[in-house]
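Trainee: I have not seen this structure before. Can we go through it by question and answer?

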Amino acid sequence: MLDQTIAVTDEQIAYYRENGFVQVDNMVKPDELAELREALDEAMGASGRNSVQTDKSGGVYFNVLNQRVNVWRDHGGMARFVLSRRFADAARQLTGSSGMRLFHDHALFKMPGDSKPTPWHQDAPYWPMNESGGMSIWIALDDVDENNGCMMFVPKSQRIKNLRNVDLAKPHDIFADEGAKDVDRNTAVVVPLKAGSCTFHDGMTFHYAHANHTDRPRRALAIIYMPDGTTYSGKKHVCTDGQDFKAGEPLGGGSFPKLA
Ligand code: SIN
Ligand code: NI
């Protein structure tokens, strides 16, 4: 039952708080995985009106990621997973927040062909949030390793704040940033995963994903959560533009439901 919570271990909680990311195996059960793959493939193949594909085949960004944001709003099967209490409650336990809200989901496919790595970046600088605490679950729908796009994280880099956005299509070297001079890329941890297993990472943690050198897409679902009470900064973002939030207001309501 996707509504049933699971307990993450004390070791996983301590590791996450220390290092800014953690691996949790078997988050999605084998029978659920078949359903999730089918739903996500359908959601990616359809041109839904409430989700957004960020680039089309042939684009520079597409070679990094074939991405669709807010698939839950177009596909009821995906809503079952994206709104699930199991994932959000694990995020709540790891962060120690009193409650977690959905910010958005994104299907993240690394397509075969001219695949590029996802460059080193932090996620939080893209988000229109005043507070820190936003974080993601990244669920592998295929087994992933360095040959098809597994992720890599720099432990403890979540302590580095106020860096510039990295443009994923035209990246600058985040390690060359003045604020990142104490972060050592050689300490990065490569995280291969079995399908159905996941990582959680803090919005500030430096991360990277390898290019996909196989002939099949690397499929992942990421869901971004924010602690209940997180307020809108007013910054442009595809998920808040056109909504009626004023800077300083808590992000909530039906678009950003409380899940745990
Ligand atoms: C990826 O899936 O390649 C990158 C995911 C992320 O940046 O969080
Ligand atoms: Ni990221």
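Trainee: Are His 121 and His 207 buried or exposed?
Mentor: Keep in mind that this is a predicted model. The cut-off for buried is under 20% relative accessible area. His 121 and His 207 both count as buried.

Trainee: Which protein residues are the donors of the nickel ion (ligand 2)?
Mentor: The donor atoms lie 2.0 to 2.1 Å from the nickel ion. Along the chain, their spacing is H-x1-D-x83-H. The two histidines give NE2 and the aspartate gives OD: His 121, Asp 123 and His 207.

Trainee: How many residues apart in sequence are the parts that His 121 and His 207 tie together?
Mentor: His 121 lies in strand E5 (residues 118-121). His 207 lies in strand E10 (residues 207-209). The pair therefore ties together parts whose separation in sequence is 86 residues.

Trainee: What arc do the buried residues of H2 cover around the axis?
Mentor: Helix H2 spans residues 30-45 and reaches 23 Å from its first C-alpha to its last, close to the expected 22 Å. Its buried residues include Leu 33, Leu 36, Leu 40 and Met 44. On the other side, Pro 30, Asp 31, Glu 38 and Gly 45 are exposed. The buried ones sit on the same side of H2, because their arc is only 135 degrees.

Trainee: What gives the most residues to the largest nonpolar core?
Mentor: That core has 41 residues. Met 78, Phe 87, Ile 137, Phe 200, Leu 221 and Tyr 225 have the most contacts inside it. Apart from it lies another core of 29 residues, with Phe 21 and Val 191 among them. The element that gives the most to the 41-residue core, with 6 residues, is H2.

Trainee: Is the pair of Phe 175 and Phe 206 stacked or edge-to-face?
Mentor: Phe 175 is buried at 11% relative accessible area, and Phe 206 is buried at 0%. Their ring centres are 5.6 Å apart. Planes over 60 degrees apart count as edge-to-face. Here the angle is 65 degrees, so the pair is edge-to-face.

Trainee: Which residues do ring pairs link into a cluster with Phe 245 and Phe 256?
Mentor: Phe 245 and Phe 256 are both buried. They form a tilted pair, 5.7 Å centre to centre, with 50 degrees between the planes. In the cluster, ring pairs link these two with Phe 103 and Tyr 232.

Technical notes: Residues are numbered from 1 along each chain as its sequence is written. Chains are lettered from A and ligands numbered from 1 in the order in which they are written. This is a predicted model: local features need pLDDT of at least 70, side-chain atom pairs count only at pLDDT 80 or more; totals for chains, interfaces and linings use all residues. Side-chain values use heavy atoms; hydrogens and water are left out. Donors are N, O and S atoms within 2.8 Å of the metal (3.2 Å for Na, K and Ca); water is not among the atoms, so sites may look incomplete. Helices (H or I, at least four residues) and strands (E, at least two) are DSSP runs, numbered from the N terminus. Buried means under 20% relative accessible area, exposed over 50%, partly exposed in between (1.4 Å probe, protein chains only). The expected span of a helix is 1.5 Å times one less than its number of residues. The arc is that of the directions from the helix axis to the C-beta atoms. A nonpolar core is a set of buried Ala, Val, Leu, Ile, Met, Phe, Trp, Tyr and Cys residues joined through side-chain atoms within 4.5 Å. Rings of Phe, Tyr and Trp (its six-membered ring) pair if their centres lie within 6.5 Å; planes under 30 degrees apart count as stacked, over 60 as edge-to-face and the rest as tilted.
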